[in-house]
Amino acid sequence: MVSSGATSFEERVSRVLLDAEFVTDEQLAKAREQSREGGLGLLDTLVSLGIVARETLMTVLSFQLRIPVVDLKSVQVDPEAVALVPEDLAREHNILPVSFETDGSLRIATMVPNDFQLSSRLSSVTGRQTKFALALSGGLNELIDRTYAAGLPSPPPQAAPTGGDSAAGVAISPAEERPQAAIGAMGQDMSQLPAVQAVELVTLQAVKRKASDIHIVPTADSANVLFRLDGVLQEQVMLPLRLHESMVSRIKVLAEMDISETRRPQDGSFTLGFGEKNVDFRVSTIGITWGEMMVIHILDRSGGILSLEDIGLDARPLLTWRQLLSLPFGMVLVSGPTGSGKTTTLYGSVAELIKDRGNIMTVEDPVEYRMEDLHQIEVNRAAGIDFPSGLRSIMRLDPDVILVGEIRDEETAKTAIDAALTGHLVLASVHSNDAPSSFIRLLDLGIEPYMAATAVAGGLAQRLVRRLCPHCKVQTELGAAESLAYESEMQEPAEQLWEGVGCNFCGGTGFLGRTGVFEVLPVTGAIRKLISDKAGGQEIRTQGIAEGMVPMRRAGMIMAKEGITSVGEVLRKVFFID
Ligand SMILES: [Zn+2]
């Protein structure tokens with residue numbers, strides 16, 4: 001068994017450390033206990049507790065046990081080595097091919113360097129001698145995921161046409177016809193690919209890496225493909241212009257757009273199947289100086305609904321929000337700029353209501369997740385369904401709870417307010433910066449202040465910040481601007497705070513994944529009066545804070561203090577007002 005093998009191996013190493021007096025009995029006992037609780041390997045626990053320096057451990061391992069080690073944070077993984085070992089096999093045995101030795105043998109990172117059976121199996125699969133190296137830094141599983149998602153794994157991408165309303169299909173070629181050059185990091189000689197396969201490759205990569213958007217941007221002599229990952233646009237590959245043109249045409253055919261039109265803006269969409277799941281792509285193009293620029297928004301509805309805890313809502317704000325959701329009627333607003341995770345919060349909230357709140361109906365543009373027991377209407381302007389008409393038709397169907405994807409015009413605002421005042425719980429998003437100004441946004445849309453004050457029960461505002469990479473975050477001194485911002489918000493000195501230095505797990509960015517920063521403001525008697533009196537956002541905010549609201553800025557700084565994110569990230573995402 002993998003785990004027992006790992007344990008006995010780690011125990012052996014720790015005995016060597018003990019004999020050489022690098023650790024004491026007590027330290028080892030403490031590390032064992034922590035390792036069991038924390039799930040981190042014993043050796044990594046010794047390092048993380050600061051009992052043994054990583055370098056010491058590597059020296060002991062390399063020289064005394066004659067086992068090479070590989071530090072997962074910094075090792076350069078060779079895509080050609082990865083291509084030799086099928087993904088399934090790598091996952092099953094928790095191994096990662098990393099490089100070739102000078103004698104042509106394959107170096108493989110593992111937690112169990114004494115599994116000789118596996119070694120011989122790998123030799124027969126890869127046709128090469130294999131040599132194990134002990135993986136340091138933990139997170140081997142994670143790096144296997146990242147590597148097989150980022151580099152191209154050997155199994156063929158199973159992009160297949162799925163019918164639906166997309167008439168054109170994606171031709172599939174069997175794996176053996178796939179040019180060898182396409183294996184490896186994306187872009188490795190993609191120039192030799194036909195457009196159909198290039199499109200398949202790019203979309204598969206984007207879906208695997210959970211990108212939210214693909215940008216294809218022509219320049220004077222080439223075209224750049226970028227993915228938006230965790231909210232940040234990142235360059236993926238440069239294409240020759242010839243391939244750019246044919247790829248853009250290919251995508252326009254899929255999205256049923258006019259391929260002869262290359263200057264005017266156009267929109268379209270298509271669906272592709274990846275294995276079990278279908279993914280929707282919404283395409284927009286426009287002619288720019290060097291050709292056609294294309295942005296493809298990815299709607300992967302298979303991800304499942306995140307719970308409110310999963311999105312980072314916790315403690316008091318979560319409690320307050322749940323109290324608002326438990327109201328029999330009234331309007332609750334979720335606000336934040338585009339891409340701040342409002343939809344995820346709305347779905348997480350609705351998911352909690354599904355069990356016992358009867359008929360829940362939504363009108364959305366677009367429907368981003370499909371949820372069982374939820375009756376969802378998608379805005380479709382061509383068919384005459386927009387937010388106001390969708391909402392009016394919902395009202396005829398006797399709903400208990402209504403979710404309005406976004407309130408952005410007077411008619412939708414009025415209909416939603418009416419619904420909230422006539423016995424319905426209405427959840428809606430509005431485009432505003434913070435919770436107090438979400439109430440004022442309704443007045444800007446033409447709602448009478450007393451109506452808004454009566455109907456609205458509370459607001460939640462949010463931003464998404466990137467989480468620090470747990471593998472490479474370190475405590476450090478902050479720069480002057482960051483210290484100042486921290487100190488003025490928190491009223492305490494900014495001592496050592498956290499930053500990510502960048503490693504293999506986070507692609508050198510120092511961040512891994514995202515989480516929400518929230519403020520939740522219930523409409524109390526005092527705030528109701530302020531809204532009726534047309535008070536400004538600042539006045540409402542001051543009252544909210546006096547009543548216990550933790551504003552987003554402060555919530556963000558608390559997360560920076562806890563090492564969840566960095567002060568710089570809070571400054572960029574939460575302090576920035578658009
Ligand atoms: Zn990292």
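# Exercises on a predicted model

Helix 19 is followed by G548, whose phi is positive, near 110°. The structure in these exercises is a predicted model.

## Exercise 1. Helix 19

Task: Determine which residues of helix 19 (residues 537–546) are buried, and why they line one face of the helix.

Solution.

Step 1. A residue counts as buried if 20 or more other C-beta atoms lie within 10 Å of its own. In helix 19, I540, R541 and G544 are buried.

Step 2. Viewed down the axis of helix 19, these buried residues fall within an arc of 100°, so they line one face of the helix. The general background is that an α-helix has 3.6 residues a turn, so residues three or four places apart point the same way.

Step 3. The face turned away from the buried side of helix 19 carries the exposed residues Q538 and A546.

Step 4. The cover over the buried residues of helix 19 includes helix 15 (435–444), strand 20 (511–522) and helix 18 (525–532).

## Exercise 2. Helix 17

Task: Identify the buried residues of helix 17 (residues 480–490), and state which exposed residues its face turned away from the buried side carries.

Solution.

Step 1. The buried residues of helix 17 are A485, Y486 and E489.

Step 2. Around the axis of helix 17, these residues cover an arc of only 95°, which puts them on the same side of the helix.

Step 3. On the face turned away from the buried side of helix 17 are the exposed residues A480, L484 and S488.

Step 4. Helix 20 (552–561) and helix 21 (567–575) are included in what covers the buried residues of helix 17.

Step 5. After helix 17 comes Q491, whose phi is positive, near 55°.

## Exercise 3. An open sheet

Task: Give the order of the four strands in the open sheet, and explain why one side of strand 1 (69–71) and of strand 2 is left without a neighbour in the sheet.

Solution.

Step 1. The four strands of this open sheet follow the order 1-4-3-2, and their pairing is mixed.

Step 2. Strand 1 and strand 2 stand at the edges, each with a single partner strand, so one side of each has no neighbour in the sheet. On average, neighbouring strands of this sheet are turned by 40° against each other, direction ignored.

Step 3. Strand 1 and strand 4 (residues 130–136) run parallel and are joined by three bridges. Here D71 stands opposite L136 in strand 4.

Step 4. Strand 4 and strand 3 (residues 106–110) also pair: they run parallel and are joined by five bridges. In this pair, A109 stands opposite A133 in strand 4.

Step 5. Strand 3 and strand 2 (residues 96–100) run antiparallel, joined by four bridges. P97 stands opposite I108 in strand 3. Strand 2 and strand 3 form a hairpin with five residues between them, and G104 in the turn has a positive phi of about 90°.

Step 6. Strand 3 is mostly covered, with four of its five residues buried.

Step 7. A right-handed β-α-β unit is made by strand 3, helix 7 (residues 116–126) and strand 4.

## Exercise 4. Strand 15

Task: State which way each residue of strand 15 (residues 401–404) points, and which residues are the bridge partners of I360 and V404.

Solution.

Step 1. V401 and L403 point one way from strand 15, whereas I402 and V404 point the other way; all are buried.

Step 2. Strand 13 (residues 360–364) pairs with strand 15 in the parallel sense over four bridges. The bridge partner of I360 in strand 15 is V401.

Step 3. Strand 15 also pairs in the parallel sense with strand 16 (residues 425–430), over four bridges. The bridge partner of V404 in strand 16 is A428.

Step 4. From strand 15 the chain crosses through helix 14 (residues 410–421) to strand 16, and this β-α-β crossover is right-handed.

## Exercise 5. The whole protein

Task: State how many helices and strands the protein has, and where pLDDT stays under 50.

Solution.

Step 1. The protein has 21 helices and 20 strands. Of its 578 residues, 42% are buried.

Step 2. The average pLDDT of the protein is 85, and 90% of the residues score at least 70.

Step 3. Over residues 152–185, pLDDT stays under 50; for this stretch the model has 68 contacts beyond four places in sequence.

Conventions
Residues are numbered from 1 along each chain as its sequence is written. This is a predicted model: local features need pLDDT of at least 70, side-chain atom pairs count only at pLDDT 80 or more; totals for chains, interfaces and linings use all residues. A residue is buried if 20 or more other C-beta atoms lie within 10 Å of its own, exposed if 12 or fewer, and partly exposed in between; C-beta atoms are placed from the backbone. Helices (H or I, at least four residues) and strands (E, at least two) are DSSP runs, numbered from the N terminus. Two strands pair if DSSP finds at least two bridges between them. A crossover is right-handed if, with the strands pointing away from the viewer, the path from the first strand over the helix to the second runs clockwise. The arc is that of the directions from the helix axis to the C-beta atoms. Two residues are in contact if their C-beta atoms, placed from the backbone, lie within 7 Å. pLDDT is the predictor's confidence in each residue, from 0 to 100. Axes are lines fitted to C-alpha atoms, for helices over the stretch in contact, and angles run from 0 to 180 degrees between N-to-C directions.
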